[in-house]
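This report looks at how helices pack and how aromatic rings are arranged in one protein model. The structure is shown first, and the description follows.

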Amino acid sequence: MATYPNLISEVCSTERKAELVSMAIPILIRWAQNNITNNYYGDLLKELGYKSRCSFIGQILGGIHEVLNALSQKPEFKKSHIRIPSLNVLCKNKAIGLPSDGFVVVSAEYNSLSLEMKRIVVDGYISETVNFEYWDEVLRALELKPSVVYSKTDEDNIRKGGHSRYTES
C-alpha cells in the first residue's frame with residue numbers, strides 16, 4: 001500500500017494544526033479499535049496534553065475529517081471502495097452526550113435534527129467507526145504510529161492531563 005506522509009500537512013492550514021491532527025488520529029483510532037465510545041472533547045484534549053478546555057478542538061476534529069476524506073480519495077482506498085468512517089463521532093459534548101454542532105461536516109443534516117434523531121444518527125456512525133477493519137491501514141498510509149496506553153497509571157496520568165510532552169504553556 002502506498003503511503004502519504006505529507007497528506008496531513010497538505011490538508012491542514014497550519015503546522016500546529018497538522019501536528020495536533022497527527023497526534024489525535026492515532027488516539028481516536030485506538031478508541032475505535034477498543035470500542036471506546038463514551039469520551040468527551042476534554043478526554044481527547046487531555047490525551048493531547050492539554051489540561052484545560054481549548055477552543056480549537058473543533059479545528060482539530062475538522063482537520064481529521066478533511067484528512068480522512070482526502071485519504072479516502074487515494075487510489076488504494078477508492079478502487080477498493082473503502083470509505084473511511086468518521087473518527088469525530090467518538091468525541092462528544094459532555095453536556096448533551098452528543099457531538100456538537102460542528103458535526104455537520106460529517107452529517108449535513110445534523111443541526112436540523114431533533115435530539116432523539118441525532119442520537120440515532122450518531123449511533124449509526126459509531127457502529128461504522130468501531131467496526132471498520134482498516135484502521136491499521138489508515139495509520140500505515142499516513143505513516144502514523146499507533147497510540148498505546150501502557151498501564152493504568154499511564155491512563156490515569158493522561159486523563160489528568162499530565163502525561164504528554166505537548167502541554168499548553
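## A first aromatic pair

In this predicted model, Phe56 counts as partly exposed because its relative accessibility is 21%, a value that lies just outside the range for buried residues, which is under 20%. Tyr50, by contrast, has a relative accessibility of 5% and therefore counts as buried.

A search of the whole structure finds five aromatic pairs. One of them joins Tyr50 and Phe56, whose ring centres lie 5.3 Å apart and whose planes stand at 70°, so that the pair is edge-to-face.

## The cluster around Phe103

Phe103 and Tyr125 also form an edge-to-face aromatic pair, with 5.6 Å from centre to centre and 90° between the planes. Because Phe103 belongs to the loop between strand E2 (91–92) and helix H6 (115–131), whereas Tyr125 belongs to helix H6 itself, this pair ties together parts that are 22 residues apart in sequence. Both Phe103 and Tyr125 are buried.

Together with Tyr110, the residues Phe103 and Tyr125 make up one aromatic cluster. The ring of Tyr110 also has a charged partner, since the charged end of Lys118 sits over this ring at 4.8 Å from its centre.

## Helix H2 against helix H4

Two packed helices are described by the angle between their axes and the distance between the axes. For helix H2 (residues 15–33) and helix H4 (residues 57–72), the axes come within 9 Å and cross at roughly 75°, and H2 and H4 are therefore roughly perpendicular to each other.

On the H2 side, the contact is made by Lys17, Leu20, Val21, Ala24, Ile25 and Leu28, while H4 contributes Gln59, Ile60, Leu61, Gly63, Ile64, Glu66 and Val67. Sorted by character, the residues of this contact between H2 and H4 comprise nine nonpolar, two polar and two charged.

## Helix H4 against helix H7

H4 also packs against helix H7 (residues 135–142), where the two axes come within 12 Å and cross at roughly 90°, which means that H4 is roughly perpendicular to H7.

Here Val67, Leu68 and Leu71 of H4 meet Trp135, Val138, Ala141 and Leu142 of H7. The residues of the contact between H4 and H7 divide into seven nonpolar, with no polar and no charged residues. Val67 of H4 takes part in the contact with H2 and is also listed in the contact with H7.

Methods. Residues numbered from 1 in each chain as written. Predicted model: local features only at pLDDT ≥ 70, side-chain atom pairs only at ≥ 80, totals over all residues. Heavy atoms only, no water. Axes fitted to C-alpha atoms, helices over the stretch in contact; angles between N-to-C directions. Helix = DSSP H or I, 4+ residues; strand = E, 2+ residues; numbered from the N terminus. Parallel < 35°, antiparallel > 145°, perpendicular 65-115°, else oblique. Contact = heavy atoms within 4.5 Å. Nonpolar A, V, L, I, M, F, W, Y, C, P; charged D, E, K, R; others polar. Phe/Tyr/Trp six-rings, centres within 6.5 Å; stacked < 30°, edge-to-face > 60°. Buried < 20%, exposed > 50% of the residue type's maximum accessible area, 1.4 Å probe, protein only. Lys NZ or Arg CZ within 6 Å of the ring centre and 35° of its normal.
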